[in-house]
Amino acid sequence: MRVKTLKKAAAATLAAGASALAWGFTERNNFQLREYTLPLLEPGVLQGRGEFRVLHVSDLHMIPGQKEKVEFVSGLDALDPDLVINTGDNLSDLGGVPWVLDALGPLLNRPGAFVFGTNDYWAPRPVNPLKYLTGAKREPSYVDLPWEGMRAAFMERGWHDATHNRLEFKASGVRLALAGVDDPHHDLDDYPSIAGSPNPDADLAIGLLHAPYRRVLDAFEADGYQLALAGHTHGGQICLPGGRALVTNADIDRERASGLHRYGRMWMEVSNGLGQSKYAPVRLFCPPSASLIRVVERG
């Protein structure tokens with residue numbers, strides 16, 4: 001009798017696991033938009049326009065044939081963003097660049113800036129799920145991806161490369177000060193090359209990084225940036241109900257693995273991302289998303 005009970009329990013567990021896996025495979029295309037409002041601008045900056053829209057996209061991890069993702073991302077142009085920020089990991093395949101450019105196509109006509117992640121530079125590798133859940137850092141594959149051509153295409157369309165750069169430009173009449181670093185997850189960041197307070201004449205100061213590591217966030221916050229934008233975590237990707245992350249794949253706390261949060265005197269928004277490695281094509285309680293931040297004047 002006990003053997004039969006154990007067999008039934010095992011069968012039920014396997015069935016539940018298979019159902020969760022099937023649902024997670026479907027959930028990877030359940031694209032959503034997260035929206036936030038932040039009162040960061042001085043009164044009068046918007047000259048009665050109401051809001052300055054920042055669209056944040058990250059972690060496309062594009063693979064040829066992902067038509068639903070292309071349709072969703074290109075459709076974000078209808079939000080009429082004033083600024084588009086891309087925080088990296090656009091690729092998950094050697095053939096992904098044309099699909100990235102199709103997805104971002106109309107958004108490349110908007111003012112924009114970007115930093116890359118290691119999955120822009122190097123192809124993904126098979127993942128041991130147990131190792132991922134321990135939070136252990138995985139060595140890159142060092143199989144080169146065609147990121148140089150993608151970078152050139154972004155810049156030819158007018159986007160700014162913020163990697164170890166301090167940028168100043170206007171968008172929709174708002175004076176911007178942006179700075180970014182290369183991917184902290186594999187220690188590619190060089191914050192000293194951009195260190196220092198943003199231009200005090202700027203209306204909005206934003207720091208960009210792919211992976212939300214505290215050493216870089218601390219530096220942005222100490223230098224007086226108002227907002228930091230990051231991706232990389234996929235919001236945990238495999239979460240408990242309610243979107244509670246099990247791991248962050250960075251050193252940020254799990255409670256801030258995604259979404260908009262305070263980070264000292266600064267705000268920080270961590271994107272859930274719009275994709276995932278082709279070797280881990282599932283999401284549980286963590287749908288892929290882009291973010292629209294409506295920056296308004298302080299009351």
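**Strand S9 and its surroundings**

In strand S9 (residues 227-230), Leu227 and Leu229 point one way while Ala228 and Ala230 point the other way, and all are buried. The model described here is predicted, and S9 offers a convenient place to begin the tour.

S9 has a parallel partner in strand S8 (residues 204-208), to which three bridges join it. Within this pairing, Leu227 in S9 has Ile206 standing opposite. Strand S13 (residues 266-270) also runs parallel to S9, and here the two strands are joined by four bridges. In this case Ala228 stands opposite Met268 in S13. Leu227 appears once more in the packing of side chains: a nonpolar core of 27 residues includes this leucine along with Ala113, Leu260 and Ile293.

The connection from S8 to S9 is worth following too. Together with helix H7 (residues 214-223), the two strands make a right-handed β-α-β unit. Which residues of H7 are buried? They are Val216, Leu217, Ala219, Phe220, Glu221 and Asp223, so-called nonpolar names standing here beside Glu and Asp. These buried residues pack against both strands of the unit, S8 and S9, and also against strand S7 (174-180), strand S12 (259-263) and S13. Just after the helix, Gly224 adopts a positive phi of about 100 degrees.

Turning to another part of the chain, six strands form an open sheet with mixed pairing, in the order S1-S14-S2-S3-S4-S5. Strand S1 (32-41) and strand S5 (160-161) are its edge strands, each pairing on one side only. Inside the sheet, strand S3 (residues 83-86) and strand S4 (residues 112-114) run parallel and are joined by three bridges. Ile85 stands opposite Ala113 in S4, and Ala113 is one of the residues of the 27-residue core that also includes Leu227.

The largest nonpolar core is a separate group of 29 residues, in which Val100, Leu104, Leu107, Phe154 and Trp159 have the most contacts. Two strands, S2 (52-57) and S14 (289-297), and three helices, H2 (67-75), H3 (97-104) and H6 (147-156), each give two or more residues to this core. The helix H3 gives the most, with four residues. A closer look at Phe154 shows how this core is knit together: leaving aside neighbours within four places in sequence, Phe154 is in contact with Val100, Leu101, Leu104, Leu108, Phe114, Phe116 and Trp159, and also with Asn86 and Asn90.

Two of the helices that contribute to the largest core also meet each other. The axes of H2 and H3 lie 7 Å apart, and the helices pack at an angle of about 35 degrees. On the H2 side the contact involves Lys67, Val70, Val73 and Ser74, which meet Trp99, Asp102, Ala103 and Leu104 in H3. By character, the residues of this contact divide into five nonpolar, one polar and two charged. Leu104 thus has a place in this helix contact, among the contacts of Phe154 and among the residues with the most contacts inside the largest core.

Finally, some totals set these details in context. The protein chain has seven helices and 14 strands, and 53% of its 299 residues count as buried. Among contacts between residues at least 6 apart in sequence, 76% join residues at least 24 apart.

Key:
Residues numbered from 1 in each chain as written. Predicted model: local features only at pLDDT ≥ 70, side-chain atom pairs only at ≥ 80, totals over all residues. Heavy atoms only, no water. Buried < 20%, exposed > 50% of the residue type's maximum accessible area, 1.4 Å probe, protein only. Pairing = 2+ DSSP bridges. Right-handed = clockwise from strand over helix to strand, strands pointing away. Core = buried A, V, L, I, M, F, W, Y, C linked by side-chain atoms within 4.5 Å. Contact = heavy atoms within 4.5 Å. Axes fitted to C-alpha atoms, helices over the stretch in contact; angles between N-to-C directions.
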